[in-house]
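Okay, thanks for making room for me on the agenda. I'd like to walk you through one model today, so let me put it up on the screen.

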Amino acid sequence: MNCSRDLIEAYMDEELDPGLRAAVEEHLANCPACSEEHSRFREQKASIRSIAPYYTAPAPLQQSVREALRRAVASESAAMRRNTPWRWLAIAASILLAISVSWNVRRAQPRTAENDLVAQNILSDHIRSLIGTHLLDVPSSDRHTVKPWFNGKLDFSPQVKDFAAQGFPLIGGRIEYLTDRNVAALVYHRRQHVINLFTWPSSAPPVNEGSFSRNGYNLLHWTDASMTYWAASDIPMAELQQFRDLYEK
Amino acid sequence: MAANDPAVAGRMIESDAFVVNHSEINPESRLRLFEEIVLPHLNAAYNLARWLTRNEHDAQDVVQEAYLRAFRFFDGYQGGDGKAWLLEVVRNTCFTWLRREKRNLTTVVFDEAAHTPPAHLPDQEEALVDAANRTVLQNCIERLPDEFREVLIMRDLEEMSYRQIAEVAGLPAGTVMSRLSRARKRLGECVSGRNMESGK
C-alpha cells in the first residue's frame, strides 16, 4: 500500500470497510511518516473535540422555537377554519355534480350496458360450444334440413342461409337459452374456424349495433327489420363483417 | 440505548415514515409529530448555525427561521435521518442569511470592526494557556471558508458520517472527504502559525 493522506483520514474517521481498515493499520505499523501523520491528525481531532466549543442552544431558544411553531399552527388552523364554509360548499357541489353525471350517464347508456351484458353471454356461449360437445343439435349443411328442425322448438322461424360458395359453409344449428329466452344458434365454418350466429326476434326499441373484441374473439351485432343477430368467432372482424353482408343480402 | 440497536432504529424509521405520510390532516397532530422527531436536534441545529454565522444572536434567528421552514416542508420528510434532514434546512437557511449579510456589507455602511471575526486577544492567550489554545482554535475554525468549516463541524463536533454530511450539504461523499481534508490541513497550518506567533 502507498502512503495516502485520504486513507489515513478516512481510517481515523472510521469510514473504511474492515478489509481496507486492516490494510491501513498494517501500513501505519510499517511506515513512520504515515504513522506520524496519523498521530498529528488524531491530536488535532482530539483538540477540536476537547477545546473547540460545542455551542448548545440557549434555554430561551427552545422556548421561542416552540412558540413560533405554535403561532404558525394557530394561523394555519385559523386559515382552515376561515375556509371551512367554502370547503363544505365545494364538497357539496362536487357531490351534486357526481350525482347528476352518473344519472345522465345511466340515462344515456342503458342500451350499451345491456349490450355489454349480452355480449358477455354470447361470448361465453360461443366458447362453451367450442370446448363442449354441444355445438350442434342438428348437424347438417342443408338449410332445408336445419330450418324445419327449429319448427315447434322456437316461437319464431329463423332465416337459415348457406354460404358454402363464398367460403362460409353452414354446418348445422342448435337451440340456446340467452337473454331470458330460447334463441337459434346457426353454426358456420370459415376454414377451420367456427362462427356461431345467434338470432332472435328484436325487442323494441332496437339495441345499438356494434362490434366487440375480447380475448381474441370478435363479436358482431346487428339488427334488421324484426330480428337481432350476434355473430361470434375468432376470425378477423373484417371477415365477420363480410359474413354479415352476405347474410343481409 | 435501545435506539442504537439497528433493529429498533429500523422500526422507528419505518413507523416515522408511516405516520408522516398520514399526518397531513390535522396541523396540531402534525406539530406534535414534528416536535417529537425534529425538536430533539435543536442543539445540533444551533451548534451548526453558531459556527456558520459566528454570532450568537444571528444563530438564534437562523435556527428559529430554519425550524419554521422545516415545519412547512415537513410533509416532504419521508422518515429516515431526522437530524440530517433538519441540518440541511439549517445549512440552507444559514447560507441564505450569509449571502444577505454579504450584500448588506457592500451596500450599507462598511463597518470593519463589526464584520471581522472576533480578534483574539494576545493578553489572554499569554495569561491562560487553555483559554489561549481555545481562542486560537476557535479563531482558526472561524476563519475557514464556509464550505470547509461546515464539514469540519459536522464531522468532528457533530460526529456525523461522511454519508450524513453528504446528505446535508448535497455533495458527493468524495467531495465531503476532500473538503474535510483541506479543512484539517488549513486548520493545522493556522493553529501552528498562531502558536509560533504567540510563542515569540
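**A two-chain model, loop by loop and sheet by sheet**

Let me start at a small spot: A:Glu14 sits in the loop that runs between α1 (5-12) and α2 (18-30) of chain A. A:Glu14 isn't a glycine, yet its phi is positive, at about 60°. And is A:Glu14 buried or exposed? It has 9 C-beta neighbours inside 10 Å, so A:Glu14 counts as exposed. Keep in mind as we go that this is a predicted model.

Okay, zooming out to the whole of chain A. It has 7 helices and 7 strands. If you read along the sequence, the pattern goes α-α-α-α-α-β-α-β-β-β-β-β-β-α. Chain A is 249 residues, and 20% of them are buried. Now take the contacts in chain A between residues at least 6 apart in sequence: 52% of those join residues at least 24 apart.

So, the sheet. What's the strand order? In chain A it goes β1-β2-β3-β4-β7-β6-β5, as an open sheet of 7 strands with antiparallel pairing. The edges are β1 (138-139) and β5 (210-214) of chain A, and each has a single partner strand, so one side of each has no neighbour in the sheet.

Two helices of chain A pack on this sheet. One is α6, residues 143-150, which touches β1, β2 and β3 of chain A, with its direction at about 20° to that of β2(A). The other is α7, residues 237-248 of chain A, touching β3, β4 (193-201), β5, β6 (217-223) and β7 (227-233), and its direction makes about 30° with that of β6(A).

I want to stay on β3 of chain A for a minute. On one side there's β2: residues 170-178 of chain A pair with β3, residues 181-190, over 8 bridges, in the antiparallel sense. If you're looking for a register marker, A:Gly172 is opposite A:Val187 in β3(A). β2(A) and β3(A) make a hairpin with 2 residues between them, and in that turn A:Thr179 has a positive phi of about 45°.

Then there's β4. β3(A) and β4(A) run antiparallel and are joined by 7 bridges. Here the marker is A:Leu186, which stands opposite A:Leu197 in β4(A). This pair is a hairpin too, again with 2 residues between the strands, and A:Arg191 in the turn has a positive phi of about 50°. A:Arg191 has 8 C-beta neighbours inside 10 Å, so it counts as exposed. Its C-alpha is 7.4 Å from that of A:Gly167, which is 24 residues away along the chain.

And how many residues of β3(A) are buried? It's 7 of the 10, so the strand is largely enclosed by the rest of the structure.

Right, over to chain B, and how it meets chain A. The contact involves 30 residues of chain B and 29 residues of chain A. On the chain B side, the elements giving two or more residues are α2 (27-37), α3 (42-53), α4 (56-72), α8 (129-143), α9 (146-157) and α11 (173-199). By class, that side of chain B has 15 nonpolar, 9 polar and 6 charged residues.

Now the cores. The largest nonpolar core has 53 residues, and the ones that touch the most other members are B:Ala45, B:Leu48, B:Ala49, B:Val63, B:Val90, B:Val151 and B:Leu152. Domain 1 (1-116) and domain 2 (118-200) of chain B both contribute residues to this core, so it lies between them. Which residues does B:Leu152 touch, leaving out those up to four places away in sequence? They are B:Ile141, B:Leu144, B:Leu180, B:Ala183 and B:Leu187. There's another core lying apart from that one, with 24 residues, including A:Phe150, A:Leu186, A:Phe198 and A:Tyr229. You'll remember A:Leu186 as the residue opposite A:Leu197.

Last stop, a glutamate in chain B. B:Glu159 is in the loop between α9 and α10 (162-169) of chain B. B:Glu159 is not a glycine either, and its phi is positive, at about 55°. With 12 C-beta neighbours inside 10 Å, B:Glu159 counts as exposed.

That's the tour, and I'm happy to go back to any part of it.

Note on methods:
Residues numbered from 1 in each chain as written. Chains lettered and ligands numbered in written order. Predicted model: local features only at pLDDT ≥ 70, side-chain atom pairs only at ≥ 80, totals over all residues. Contact = placed C-beta atoms within 7 Å. Helix = DSSP H or I, 4+ residues; strand = E, 2+ residues; numbered from the N terminus. Nonpolar A, V, L, I, M, F, W, Y, C, P; charged D, E, K, R; others polar. Core = buried A, V, L, I, M, F, W, Y, C linked by C-beta atoms within 7 Å. Domains from an automatic or database assignment. Pairing = 2+ DSSP bridges. Axes fitted to C-alpha atoms, helices over the stretch in contact; angles between N-to-C directions.
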